[in-house]
Amino acid sequence: MGDFSVLAVRIKELRTSMKMTQKEFSAFVGCTAATLSAYENGSKSPSLEIIKGVAEKCHVSIDWLCGLSNKKRNNSIETYSDLYDYLFTIGEKTNLRFETVSYIGGYDEPITMHTQAIWFDNIQICNFMEEWQKMKTLHDDGSIDDDVYNLWMEKVLIKNRNPNERLDGNFIIPNNEELPFD
């Protein structure tokens, strides 16, 4: 048998980040609470079928679960948390800044404006972007430190992590529910 200590830690980390009890998470992934406990304490190793199921249902990579990669998420964006996590990554890797540009030109004045924008036709995402702009501004001007900013980001990700909802275009579609239209 191989060393499954990383897998044990990652399964527990994943469950706690989703704010689920062992009983809830075990039902979600298809095993008993006692078996999940054994996986988490490293006394039992899950089958490939269970590992694959956890990865698919929780939208994480198998490589991350097994400790072969530090990249937790697969490439799909299905929940608000997934989207916000990617936006945070973009913000960390680029010189992302928020700016509101208003221009009221005169009657005879030519209008020349260069601007970049990301548009979302979704009130929840727009509210998040406004809140993020405020927090990033406070962080960038030194009003809050890295620890406070990182705690806020983690809180946003946890608050918006819901395995029963997935992001689809401009809509959140609850899994296993019929849409109110054909």
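Which helices do the buried residues of H2 pack against? They pack against helix H1 (5-17), helix H3 (33-41) and helix H4 (48-58). Keep in mind that what you're looking at is a predicted model.

**Helix H2 and what follows it**

H2 covers residues 22-29, and its buried residues are Phe-25, Ser-26, Phe-28 and Val-29. Looking down the axis of H2, you'd see these buried residues fall within an arc of 160 degrees, so they line one face of the helix. That fits the usual helix geometry: an α-helix has 3.6 residues a turn, so residues three or four places apart point the same way. Turn to the other side of H2 and you find Lys-23 and Ala-27, which are exposed. Just past the end of H2 sits Gly-30, with a positive phi of about 90 degrees.

**Two loop residues and a helix partner**

Now go to the loop between H1 and H2, where you'll find Lys-19. Its phi is near 55 degrees, a positive value in a residue other than glycine. For background, most residues other than glycine have a negative phi. Is Lys-19 buried or exposed? Lys-19 is exposed, at 62% relative accessible area.

Lys-19 also turns up in the contacts of Ile-158, a residue of helix H8. Leaving aside residues up to four places away in sequence, Ile-158 touches Ser-17 and Lys-19. Ile-158 itself is partly exposed, with a relative accessible area of 24%.

Over in the loop between H3 and H4 is Ser-43. With a relative accessibility of 58%, Ser-43 counts as exposed.

Both Ile-158 and Ser-43 have a C-alpha partner elsewhere along the chain, as set out here:

| C-alpha pair | Apart along the chain | C-alpha separation |
|---|---|---|
| Ile-158 and Ser-17 | 141 residues | 6.6 Å |
| Ser-43 and Ser-5 | 38 residues | 9.2 Å |

**The aromatic residues**

How many aromatic pairs does a search of the whole structure find? The search finds nine. One of them is Phe-88 with Trp-152, an edge-to-face pair at 5.7 Å centre to centre, with 70 degrees between the planes. Phe-88 lies in helix H6 and Trp-152 in helix H8, so this pair ties together parts that are 64 residues apart in sequence. Both Phe-88 and Trp-152 are buried.

Trp-152 also pairs with Phe-128, and this pair is stacked: 6.5 Å centre to centre, with 5 degrees between the planes. Here again distant parts of the chain are linked, with Phe-128 in helix H7 (residues 123-140) and Trp-152 in helix H8, 24 residues apart. Phe-128 is buried, as is Trp-152.

Zoom out a little and these residues belong to one aromatic cluster, made up of Tyr-80, Tyr-84, Phe-88, Phe-128, Trp-132, Tyr-149 and Trp-152.

**The second largest pocket**

Phe-88 shows up once more in the second largest pocket, which has a volume of about 200 Å³. Twelve residues line this pocket, and Asp-85, Phe-88, Glu-154, Leu-157 and Arg-161 are the ones nearest its centre. Helix H6 (80-93) and helix H8 (146-159) each supply at least two residues of the lining. What is the make-up of the lining by class? There are three nonpolar, three polar and six charged residues.

How values were computed:
Residues are numbered from 1 along each chain as its sequence is written. This is a predicted model: local features need pLDDT of at least 70, side-chain atom pairs count only at pLDDT 80 or more; totals for chains, interfaces and linings use all residues. Side-chain values use heavy atoms; hydrogens and water are left out. Buried means under 20% relative accessible area, exposed over 50%, partly exposed in between (1.4 Å probe, protein chains only). Helices (H or I, at least four residues) and strands (E, at least two) are DSSP runs, numbered from the N terminus. The arc is that of the directions from the helix axis to the C-beta atoms. Contact means heavy atoms within 4.5 Å. On a 1 Å grid over the protein atoms alone, a cavity is a set of points where a 1.4 Å probe fits but cannot get out, and a pocket is an open set with protein on both sides within 12 Å along at least five of seven lines; lining residues have an atom within 4 Å of a point. Grid points are joined across faces, edges and corners, and a volume is the space filled by probe spheres set on the points. Ala, Val, Leu, Ile, Met, Phe, Trp, Tyr, Cys and Pro count as nonpolar, Asp, Glu, Lys and Arg as charged, and the others, Gly among them, as polar. Rings of Phe, Tyr and Trp (its six-membered ring) pair if their centres lie within 6.5 Å; planes under 30 degrees apart count as stacked, over 60 as edge-to-face and the rest as tilted.
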